[in-house]
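Biologist: Could you take me through one part of this model in detail, the largest pocket and what sits in it? I'd like to know which residues are around the ligand.

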Amino acid sequence: MKKVSVASLLKKKQDGQKFATLTAYDASFAKLFDDCGIDLILIGDSLGMVLQGESSTLPVTVEQVAYHTRCVASSTERTMVVADMPFMSYATPEQSYENAAALMRAGANMVKMEGGEWLCETIQGLVERGVPVCGHLGLTPQSVNVFGGFKIQGRGDAAARQLINSAMELEKAGIQLLVLECIPAPLAKRVARSLTIPVIGIGAGKDTDGQILVMQDMLGITAGYVPSFSKNYLEVTGNIREAVKLYIDEVEQGLFPAAEQSFDE
Ligand code: KIV
Ligand code: NA
């Protein structure tokens with residue numbers, strides 16, 4: 001089985017083929033998602049909220065993400081494995097090297113970090129040292145205290161322009177994937193069209209190259225707040241495997257997210 005790579009995701013973008021991705025944190029779900037054809041699994045620091053019951057992602061540590069990355073990586077074959085760099089684990093380039101190394105040794109194929117221009121030196125340094133990087137812009141949950149809550153980002157001309165600039169600077173610095181979270185659909189479309197690299201959306205409308213959901217949200221089993229941009233696929237299908245397959249189908253056909261799971265400008 002040929003492993004999904006940055007090259008195969010780039011080819012999908014160039015061919016106009018949408019792709020579906022999910023978070024996972026353990027071997028059983030990761031293997032099921034891999035078998036169903038999920039192209040990328042993110043060990044998100046969302047694990048702080050959906051596994052640990054915390055009210056934000058800030059308490060999550062590198063050791064915890066590394067542990068769950070090992071659980072996912074050991075059971076998957078085809079899917080690409082991306083691990084989140086948790087809060088303050090990439091505050092300086094040197095910290096990012098040490099912490100990214102721990103996640104790559106645990107089995108990640110790429111690391112993801114939240115932020116704009118200030119990350120460019122870190123990204124360049126990581127890529128030069130053999131660590132592929134995924135960017136993350138928009139509602140970056142590690143900055144929830146700066147935003148004053150989990151709020152849509154990128155609304156208004158100035159904020160939109162700023163986000164597009166950040167995306168282009170991150171691409172120049174060397175990111176090979178970009179996640180856009182909770183921004184107006186038209187803005188996400190502009191970013192996806194402006195960049196060569198694949199752009200993965202969550203709460204960012206249907207016009208990004210790929211989609212990602214937190215697995216507990218798409219199965220409708222999240223304890224606590226469920227974001228409005230998610231969809232409960234288990235309710236529709238009554239079966240986890242069929243739920244994942246329907247999610248993949250709907251993403252590939254451009255049916256998910258629909259307008260009701262998207263935000264306007
Ligand atoms: O932590 C996470 O699960 C994420 C995704 C929602 C993109 O960062
Ligand atoms: Na995250």
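Modeller: Here is the pocket, then its ligand, then a short look at the runner-up.

Some ground rules come with it: this is a predicted model, where local features need pLDDT of at least 70, side-chain atom pairs count only at pLDDT 80 or more, and totals for chains, interfaces and linings use all residues. Residues are numbered from 1 along each chain as its sequence is written, chains are lettered from A and ligands numbered from 1 in the order in which they are written, and side-chain values use heavy atoms, with hydrogens and water left out.

The largest pocket has a volume of about 720 Å³. A pocket here is an open set of points on a 1 Å grid over the protein atoms alone, where a 1.4 Å probe fits, with protein on both sides within 12 Å along at least five of seven lines; lining residues have an atom within 4 Å of a point. The volume is the space filled by probe spheres set on the points, which are joined across faces, edges and corners. Its lining runs to 35 residues, with M49, E181, V214, D217 and P227 nearest the centre. Helix α3 (47-50) and strands β4 (110-114) and β6 (177-181) each give two or more residues to that lining; these are DSSP runs numbered from the N terminus, at least four residues of H or I for a helix and at least two of E for a strand.

Ligand 1 sits in this pocket, meaning that more than half of its atoms lie within 2 Å of the pocket's grid points. Around ligand 1 you'll find T23, L42, G44, D45, S46, D84, K112, H136, V179, I202, I212 and V214, counted if a heavy atom lies within 4 Å. Now for its polar contacts, pairs of N or O atoms within 3.5 Å. The side chain of S46 has an N or O atom 2.6 Å from a ligand 1 oxygen, K112 puts a polar side-chain atom 2.9 Å from a ligand 1 oxygen, and for the D45 side chain the distance is 3.1 Å. Taken alone, ligand 1 exposes 260 Å², and the protein buries 95% of that (Shrake-Rupley areas, 1.4 Å probe).

As for the runner-up, the second largest pocket has a volume of about 280 Å³. It is lined by 14 residues, with L137, G138, T140, F147 and L163 nearest its centre. Both β5 (133-138) and α8 (157-173) give two or more residues to this lining, and α8 supplies the largest share, four residues.

Key
Polar contact = N/O pair within 3.5 Å; in protein donor to acceptor, adjacent residues only side chain to side chain.
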